[in-house]
Amino acid sequence: MFDIIIVGGGPAGLTAALYARRANKQVLLIEKETFGGQITFSPKVENIPGFLALSGNEFAEKLVEQVLEQGAEVESAEVLSIRDEGDGKTVVTDGGEFTARAVIVATGARHRLLGLPRETDFIGNGISFCAVCDGAFYKDQTVGVVGGGNSALQEALLLADLASKVYVIQNLDGLTGEQKLQEQLAARANVEIITGTVVDGFEGADTLTGVQVRRVADGQTRSIPLDGLFIAIGLVPQNEAFADLLGLDERGYVDSDERCLTATPGVFTAGDCRRKSIRQVATAAADGAVAALAACDYIDAR
């Protein structure tokens, strides 16, 4: 039996593993896809404390190396469910079952995609999801933002301070974000808002050079040359398989505050999968530390 099993190998899960091992707990970290999570899609990251710049892959590799050096065990598998058995928790994966005294769920949230051909090929090669992270790469260039809610409008405002031209492309006939944000965007001379229009395809070989868009009302299509495209149509938390243990809010996020506790004693949460206002690498790492220390306290108290 492990002391702590961590589900998810992004910055939150990896940081949790680091802190748990520093507290001399036996740790198993389970990740179904890529260790490092969403940040591995970023070709250059400049907002991680302690680094002027590095790629998302480099950052993930450093985290994994650090965690392995501390003695954590890792497993590549998909977690299908978690059973609460009182003093122990059983984590069921597609490669077997593992037990622990406590579990930290750090499954993250994936960006909702448009579902178009070649979309994943352009992620990190013209398609981004975070203006705070990647906006500076498009200084004095032309970018597009897909979406019309608060997140999309906030992204567009940030980009308008950097890019020479910003297109906001919304499939509905109007924007749905706050009126104040709409007014701020409308006042920007370098912002063009295109409503009632959907993105139908991407242009470019290895790097994005533009998008094909289609007007919903009459089906008219055209090409918009772009240096970059920011997709802001929402996030999808990866919590469904554990809903009965975690306690989810109306959007599917773990209904947990900064203490990283869940509805089940001995089960904790960290990172983008929980309810929070800011989802960045720094906040994910902070959650990982809090959740790990909370799990250690839970184990020690018993």
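## A look around the predicted model

Alanine 289 is found in helix α8. This is a predicted model, and alanine 289 makes a handy starting point. Is alanine 289 buried or exposed? With a relative accessible area of 11%, alanine 289 is buried, because the cut-off for that label is under 20%. Which residues does alanine 289 touch once those up to four places away in sequence are not counted? The answer is Thr15 and Tyr19. The link to tyrosine 19 spans a good stretch of chain: the two residues are 270 apart in sequence, yet their C-alpha atoms are separated by 6.0 Å.

Thr15 turns up again in the second largest pocket, where Thr15, Ile48, Phe59, Leu63 and Ala285 are the closest to the centre among the 14 lining residues. That pocket holds about 170 Å³ of space. Which helices each supply at least two residues of its lining? They are α1 (11-22), α2 (56-69) and α8. The top contributor to this lining is α1, with four residues.

Now for arginine 274, which sits in the loop between β17 (267-269) and α8 (281-301). Arginine 274 has a relative accessibility of 1%, so it counts as buried. Leaving aside neighbours within four places in sequence, its contacts are Tyr253, Val254, Ser256, Asp257, Glu258, Cys260, Thr269, Arg279 and Asp287.

Cysteine 260, one of those contacts, has a backbone quirk of its own. Its phi is near 65°, a positive value in a residue other than glycine. The residue belongs to the loop between α7 (243-246) and β17, and at 0% relative accessibility it counts as buried.

Arginine 118 also has a positive phi, about 70°, although it is not a glycine. You'll find arginine 118 in the loop between β7 (109-111) and α3. Its relative accessible area is 35%, so arginine 118 is partly exposed.

Helix α3 (residues 119-122) contains aspartate 121. Aspartate 121 is exposed, because its relative accessible area of 51% passes the cut-off of over 50%. How many Å lie between the C-alpha atoms of aspartate 121 and alanine 292? The distance is 35 Å, for a pair 171 residues apart in sequence.

Here are the accessibility values side by side:

| Residue | Relative accessible area | Label |
|---|---|---|
| Cysteine 260 | 0% | buried |
| Arginine 274 | 1% | buried |
| Alanine 289 | 11% | buried |
| Arginine 118 | 35% | partly exposed |
| Aspartate 121 | 51% | exposed |

On to the strands. Strand β10 (residues 165-169) and strand β11 (residues 191-194) run parallel and are joined by four bridges. Between them the chain passes through helix α6 (residues 179-186), giving a right-handed β-α-β crossover. Within this pairing, isoleucine 169 stands opposite isoleucine 194 in β11.

There is also an open sheet of three strands, ordered β12-β13-β14, with antiparallel pairing. Which strands form its edges? Those are β12 (197-203) and β14 (221-225), each pairing on one side only. From one strand to the next, the twist averages 30°. Six bridges connect β12 with strand β13 (residues 210-215), again in the antiparallel sense. As one example of the register, glycine 201 stands opposite glutamine 212 in β13. If you're following side chains here, remember that in a regular strand they alternate between the two faces of the sheet.

Terms used
Residues are numbered from 1 along each chain as its sequence is written. This is a predicted model: local features need pLDDT of at least 70, side-chain atom pairs count only at pLDDT 80 or more; totals for chains, interfaces and linings use all residues. Side-chain values use heavy atoms; hydrogens and water are left out. Two strands pair if DSSP finds at least two bridges between them. A crossover is right-handed if, with the strands pointing away from the viewer, the path from the first strand over the helix to the second runs clockwise. Axes are lines fitted to C-alpha atoms, for helices over the stretch in contact, and angles run from 0 to 180 degrees between N-to-C directions. Buried means under 20% relative accessible area, exposed over 50%, partly exposed in between (1.4 Å probe, protein chains only). Contact means heavy atoms within 4.5 Å. On a 1 Å grid over the protein atoms alone, a cavity is a set of points where a 1.4 Å probe fits but cannot get out, and a pocket is an open set with protein on both sides within 12 Å along at least five of seven lines; lining residues have an atom within 4 Å of a point. Grid points are joined across faces, edges and corners, and a volume is the space filled by probe spheres set on the points.
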